[in-house]
Amino acid sequence: MKVALITGASRGIGAAVARRLRADGCRVILGYERSRERAEALAEELDGLAVQADVSDPGQVQAMVDTVLEKFCQLDILVCCAGVAWQGLSQDMGDEEYRRVMGVNLDGSFYCCRAVLPQMIRQKEGKIITISSMWGQVGGACETAYSAAKAGVIGLTKALSKEVAPSGITVNCVAPGVIDTDMVQSLGAQTLNDLAEETPLGRLGTAEDVAGCVSFLCSGAGDFLTGQVLAPNGGLVI
């Protein structure tokens, strides 16, 4: 049975990925930062394990991975779903908000990848999936730091894929469009309706849409894909 660690797994895309990978037959470990009750309830539902860590803290990330290895002695899949957003004009963004966005989205992805690599290299196999955004591909006004962090995730994915391919490890990225989760609700109903109308497929994406892409990359069908960006965005960015 494959062992999969999913960060940001207490809700939204991360929770959907955890459910999908469990359905695919994986043992799932749910990384979370603050939503302990939700993470532990989902872990119980999926016969998995919830582990707390702030992914922007390298020490906490290493402790999370060590916990997984102590319990299961293997780690086959990493999915970096932990993320935070901030909307507003760039000149209004404070240093603390900026560091938080970069720390969770970009630094956290790097720290998680770095922590799992020794085990995957020993195993001579592994699958790493990072989560970017369409704004990481084209940039979004009033989300400059988020766009920069998510663009960095794509760069990290491409570079790391070349580095670890000889060890049998694939590294790919999923860059969702507008996905109907808690994170986007702050945009307001009218804005979300407008975005759905602008999307060629005529709707917002779902967390399950993204989870399906992750499932594909983690499956045997994705074995010859590495360094790629899969973009479930309904045609909004082509």
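In this predicted model, contacts between residues at least 6 apart in sequence are made up as follows: 69% of them join residues at least 24 apart. The protein contains eight helices and seven strands. Its radius of gyration is 17 Å, close to the 18 Å that the globule rule gives for 238 residues, so the protein is as compact as a globular protein of that length. The C-alpha trace spans about 50 × 35 × 35 Å along its principal axes. Of the 238 residues, 50% count as buried.

**Pockets and cavity**

The model also holds empty space, some of it open and some enclosed. Rolling a probe the size of a water molecule over the atoms shows where such space is left.

The largest pocket has a volume of about 1100 Å³. Its lining comprises 48 residues, and those closest to its centre are Cys81, Gly83, Val84, Ala85 and Met183. Two or more lining residues come from each of helix H1 (12-23), strand S2 (27-32), H4, H5 and helix H6 (144-164).

The second largest pocket encloses about 280 Å³ of space. It is lined by 16 residues, with Lys2, Lys127, Cys218, Ser219 and Asp223 closest to its centre. The elements that supply two or more residues to this lining are S5 and helix H8 (207-218).

One cavity of 30 Å³ or more is counted, and the volume of the largest cavity is about 30 Å³. The residues that line the largest cavity are Trp86, Gly88, Met93, Cys142, Glu143, Thr144, Ala145 and Tyr146.

The table sets out the residue classes of the three linings.

| Space | Nonpolar residues | Polar residues | Charged residues |
|---|---|---|---|
| Largest pocket | 24 nonpolar | 16 polar | eight charged |
| Second largest pocket | four nonpolar | six polar | six charged |
| Largest cavity | five nonpolar | two polar | one charged |

**Two buried serines**

Ser109 lies in helix H4, which covers residues 95-123. With a relative accessibility of 3%, Ser109 falls under the 20% limit and therefore counts as buried. The side chain of Ser109 reaches the backbone oxygen of Asn105 at 2.9 Å. Apart from neighbours within four places in sequence, Ser109 is in contact with Cys80, Val104, Val153 and Leu156.

Ser133 is found in a loop, between strand S5 (126-131) and helix H5 (134-138). The relative accessibility of Ser133 is 5%, which is under 20%, so this residue counts as buried. Its side chain reaches a backbone nitrogen, that of Trp135, at 3.0 Å. When residues up to four places away in sequence are not counted, Ser133 touches Tyr146, Lys150, Ala175 and Pro176. Tyr146 also belongs to the lining of the largest cavity.

**Two partly exposed residues**

Gly8 is located in the loop between strand S1 (3-7) and H1. At 25% relative accessibility, Gly8 lies between the limits of 20% and 50% and so counts as partly exposed. Leaving aside neighbours within four places in sequence, Gly8 is in contact with Gly14, Ala15, Gly31, Cys81 and Ala82. Cys81 is one of the residues closest to the centre of the largest pocket. Gly8 and Asp66 are 58 residues apart in sequence, and their C-alpha atoms are 18 Å apart in space.

Gln137 is found in helix H5. Its relative accessible area is 36%, a value between 20% and 50%, and Gln137 is therefore partly exposed. Not counting residues up to four places away in sequence, Gln137 touches Ile154, Ala175, Val229, Ala231 and Val237. Ala175 is also among the residues that Ser133 touches. From C-alpha to C-alpha, Gln137 and Asp180 are 19 Å apart in space, with their positions 43 residues apart in sequence counted as their separation.

Technical notes. Residues are numbered from 1 along each chain as its sequence is written. This is a predicted model: local features need pLDDT of at least 70, side-chain atom pairs count only at pLDDT 80 or more; totals for chains, interfaces and linings use all residues. Side-chain values use heavy atoms; hydrogens and water are left out. Helices (H or I, at least four residues) and strands (E, at least two) are DSSP runs, numbered from the N terminus. Buried means under 20% relative accessible area, exposed over 50%, partly exposed in between (1.4 Å probe, protein chains only). A polar contact is a pair of N or O atoms within 3.5 Å; within protein, one must be able to donate a hydrogen and the other to accept it, and residues adjacent in sequence count only if both atoms are side-chain atoms. Contact means heavy atoms within 4.5 Å. On a 1 Å grid over the protein atoms alone, a cavity is a set of points where a 1.4 Å probe fits but cannot get out, and a pocket is an open set with protein on both sides within 12 Å along at least five of seven lines; lining residues have an atom within 4 Å of a point. Grid points are joined across faces, edges and corners, and a volume is the space filled by probe spheres set on the points. Ala, Val, Leu, Ile, Met, Phe, Trp, Tyr, Cys and Pro count as nonpolar, Asp, Glu, Lys and Arg as charged, and the others, Gly among them, as polar. The radius of gyration is taken over C-alpha atoms; the globule rule is 2.2 Å times the number of residues to the power 0.38.
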